[in-house]
Amino acid sequence: MNWQMVTAIAQLATVAVGIPSLIYFAVQIREQTRERRQSAVNALTVQWGDLTKALHENAEFAALFLRGVHSFHDLDAISRLRFSAFQNRFFKNFEGMYYSRREGILSAELWIERTMRDFLAYDGVRQWWETRKHWHSEVFARVVDAIIARRDEPKAYSDYNLDEIVVPKK
């Protein structure tokens, strides 16, 4: 047996060992990517739940929220501040979801645009956005502005009668 044959056999052995290693490596990367995506979805779900908790645990704030989505400008100063703080958190979550979607972490069906369209259909949310859009990235602001430009009909709270809102006494 000459050295060329030994070299050829060694190279063949290297390929035979290397291919399964590459396949194993690819499977590991794919699994890590899947786990990373699931972790991101879980984190966003927890953040969303924590945020919306204010609406179902605090009747006073829920009433303020419903008034605010209809007209941010008609709120008194304290209510405007509270509504604004909530909306800022809401839209920071939306912005995080937007960038997660753009980076491929969230799949298309998990992108939250439909929910954003529901909120941005209301005058009060659009009024708030005009006062705070500079707090968000220009790229995300363009996404929100494009949704607003659609002029969707408000549906999410359309059958909520604001005259029936009773603000609980402390």
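**Figure 1. Arginine 151 sits in the segment after helix 6 (138-149).** This close-up comes from a predicted model. The phi angle of arginine 151 is near 55°. That value is positive, and the residue is not a glycine. Arginine 151 has a relative accessible area of 54%. Exposed means over 50%, so arginine 151 counts as exposed.

**Figure 2. The protein chain is built from six helices and zero strands.** Read from the N terminus, the order of elements is α-α-α-α-α-α. The radius of gyration is 26 Å, whereas the globule rule gives 15 Å for 170 residues. The protein chain is therefore more spread out than a compact globule. Along the principal axes, the C-alpha trace spans about 95 × 35 × 25 Å. Of the 170 residues, 30% are buried. Contacts between residues at least 6 apart in sequence show how the chain meets itself: 69% of them join residues at least 24 apart.

**Figure 3. The surface of the protein chain exposes about 11,300 Å².** Carbon and sulfur atoms supply 57% of that area. The protein chain carries 23 positive and 21 negative charges. The mean positions of the two sets are 4 Å apart.

**Figure 4. Phenylalanine 61 and phenylalanine 86 form a tilted ring pair.** The structure holds 19 aromatic pairs, and this view shows one of them. A pair of aromatic rings is described by the distance of the centres and the angle of the planes. Here the ring centres are 5.1 Å apart. The planes meet at 55°. Stacked pairs need under 30 degrees and edge-to-face pairs over 60, so this pair is tilted. The two rings link distant parts of the chain. Phenylalanine 61 belongs to helix 2 (residues 59-70). Phenylalanine 86 belongs to helix 3 (residues 77-102). The two residues are 25 residues apart. Both phenylalanine 61 and phenylalanine 86 are buried.

**Figure 5. Phenylalanine 91 is a buried residue of helix 3.** Its relative accessibility is 0%. Buried means under 20%, so phenylalanine 91 meets the cut-off. Neighbours within four places in sequence are set aside in the contact list that follows. Phenylalanine 91 then contacts two tryptophans, Trp128 and Trp129. The aromatic residue Phe140 is in contact too, as is His136. Leu120, Val125 and Val144 complete the list.

**Figure 6. Serine 100 is another buried position in helix 3.** The relative accessible area of serine 100 is 14%. That is under 20%, so serine 100 counts as buried. Residues up to four places away in sequence are not counted among its contacts. Serine 100 touches Leu44, Ile105 and Leu106.

**Figure 7. Arginine 102, also in helix 3, is partly exposed.** Its relative accessible area is 47%. Partly exposed runs between 20% and 50%, so arginine 102 falls in that class. Two C-alpha separations place arginine 102 in the model. Phenylalanine 91 is 11 residues away in sequence and 16 Å away in space. Histidine 70 is 32 residues away along the chain, with a C-alpha separation of 31 Å.

Definitions and conventions:
Residues are numbered from 1 along each chain as its sequence is written. This is a predicted model: local features need pLDDT of at least 70, side-chain atom pairs count only at pLDDT 80 or more; totals for chains, interfaces and linings use all residues. Side-chain values use heavy atoms; hydrogens and water are left out. Helices (H or I, at least four residues) and strands (E, at least two) are DSSP runs, numbered from the N terminus. The radius of gyration is taken over C-alpha atoms; the globule rule is 2.2 Å times the number of residues to the power 0.38. Buried means under 20% relative accessible area, exposed over 50%, partly exposed in between (1.4 Å probe, protein chains only). Contact means heavy atoms within 4.5 Å. Accessible areas come from the Shrake-Rupley method with a 1.4 Å probe; for residues, only the protein chains shown count as cover. Lys and Arg count as positive and Asp and Glu as negative; His and the chain ends are not counted. The place of a charge is taken as NZ of Lys, CZ of Arg, CG of Asp or CD of Glu. Rings of Phe, Tyr and Trp (its six-membered ring) pair if their centres lie within 6.5 Å; planes under 30 degrees apart count as stacked, over 60 as edge-to-face and the rest as tilted.
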